[in-house]
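Me: Please take a close look at one part of this model and go through what surrounds it. A connected account would suit me better than a list.

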Amino acid sequence: PVKSILKALNALDILSLQDVRREGVGLFDLSRQLGVRPNTLHNILKTMALCGYVAQNREGRYMAGPKCDQISAVGRLISGNILNGIVEPALQSLGKRLGETVVFTLLSNGRRYQLLVIEADNPVRVAVQDGGYSIYELVTGRLLVAYAGSEARRLIAEHYGYPGKAWGGAEDMDALDALCRQVREQPFLQMRSLSGELDTFGLPLLIGEEPLVSSIGVFLPSYRSTPQ
């Protein structure tokens, strides 16, 4: 094994699996447990912190970082039967009732992932393709951005840049935050394509105590879109 990676993973084991109350572990205590010199360990932890896998509390003690919480939350979504046992049946029911295409998307590591697509039975329906769009161009994407925490929104900006013309002309974080506040003040989000042929509706969905940010989108031809 690569020794530096092994040391980092062993440190992560202690911080994420042994410090279950997230009280933090001091550098010298962690050094003693791992058998790694404090100076070497400090450099390893610094790199892990830059990547989001390690954080420090007010006392300077090390603890599992936000990436670990994200991994845990995604794991619960998949292995806890929430996705297949709860979300998918609910979306199937919604799609059948509306007669339109419904999607379920998730924010993970600053990116939008489309996990479920329930296609409409209508002869004329919207075929939803994943990819080729900025997160800011989609109703589900804007909801993910709007309900993301500050760290997650920073990652979004790293991956996708700022929206600019794609959404409200925002070219910095302050402008993006202002757009997000506007979205959170609405009961749902509606968008119409530039051609006027497609309407999309979206709702945010926050799952769990350490919430996973997800969203539900409904896609339909504009001529079938009524106020009701």
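Reply: A helix is taken here as a DSSP run of H or I of at least four residues, with helices numbered from the N terminus. The model is a predicted one. The part chosen is helix 7, which covers residues 150–160. Helix 7 is followed by Gly161, and the phi of Gly161 is positive, near 75°.

The buried side of the account comes next. Within helix 7 the buried residues are Arg153, Leu155, Ile156 and Ala157. An α-helix has 3.6 residues a turn, so residues three or four places apart point the same way. The cover over the buried residues of helix 7 includes helix 4 (66–79) and strand 3 (101–108), as well as helix 6 and helix 8.

Helix 7 also takes part in aromatic contacts. Three aromatic pairs occur in the structure. In one of them, Tyr136 and Tyr160 have ring centres 6.4 Å apart and planes at 70°, so the pair is edge-to-face; the cut-off for that class is an angle over 60 degrees. Tyr160 belongs to helix 7, whereas Tyr136 sits in the loop between strand 4 (111–118) and helix 6 (139–147), so the pair ties together parts that are 24 residues apart in sequence. The two rings can be set apart by accessibility. Tyr136 counts as buried because its relative accessibility is 1%, while Tyr160, at 26%, counts as partly exposed. Trp167 joins Tyr136 and Tyr160 in one aromatic cluster.

For comparison, consider another pair. Phe188 and Phe201 form an aromatic pair of the tilted kind, with 6.2 Å from centre to centre and 45° between the planes. Phe201 is in strand 6 (residues 198–207) and Phe188 in the loop between helix 8 (173–184) and strand 5 (189–192), so this pair ties together parts that are 13 residues apart in sequence. Helix 8, at one end of that loop, is also among the elements that cover the buried residues of helix 7. Phe188 has a relative accessibility of 40% and therefore counts as partly exposed. Phe201, at 22%, also counts as partly exposed; the cut-off for buried is under 20%.

To sum up, helix 7 has four named buried residues, Arg153, Leu155, Ile156 and Ala157, and contains Tyr160, which is paired edge-to-face with Tyr136.

Notes. Residues are numbered from 1 along each chain as its sequence is written. This is a predicted model: local features need pLDDT of at least 70, side-chain atom pairs count only at pLDDT 80 or more; totals for chains, interfaces and linings use all residues. Side-chain values use heavy atoms; hydrogens and water are left out. Rings of Phe, Tyr and Trp (its six-membered ring) pair if their centres lie within 6.5 Å; planes under 30 degrees apart count as stacked, over 60 as edge-to-face and the rest as tilted. Helices (H or I, at least four residues) and strands (E, at least two) are DSSP runs, numbered from the N terminus. Buried means under 20% relative accessible area, exposed over 50%, partly exposed in between (1.4 Å probe, protein chains only). Contact means heavy atoms within 4.5 Å.
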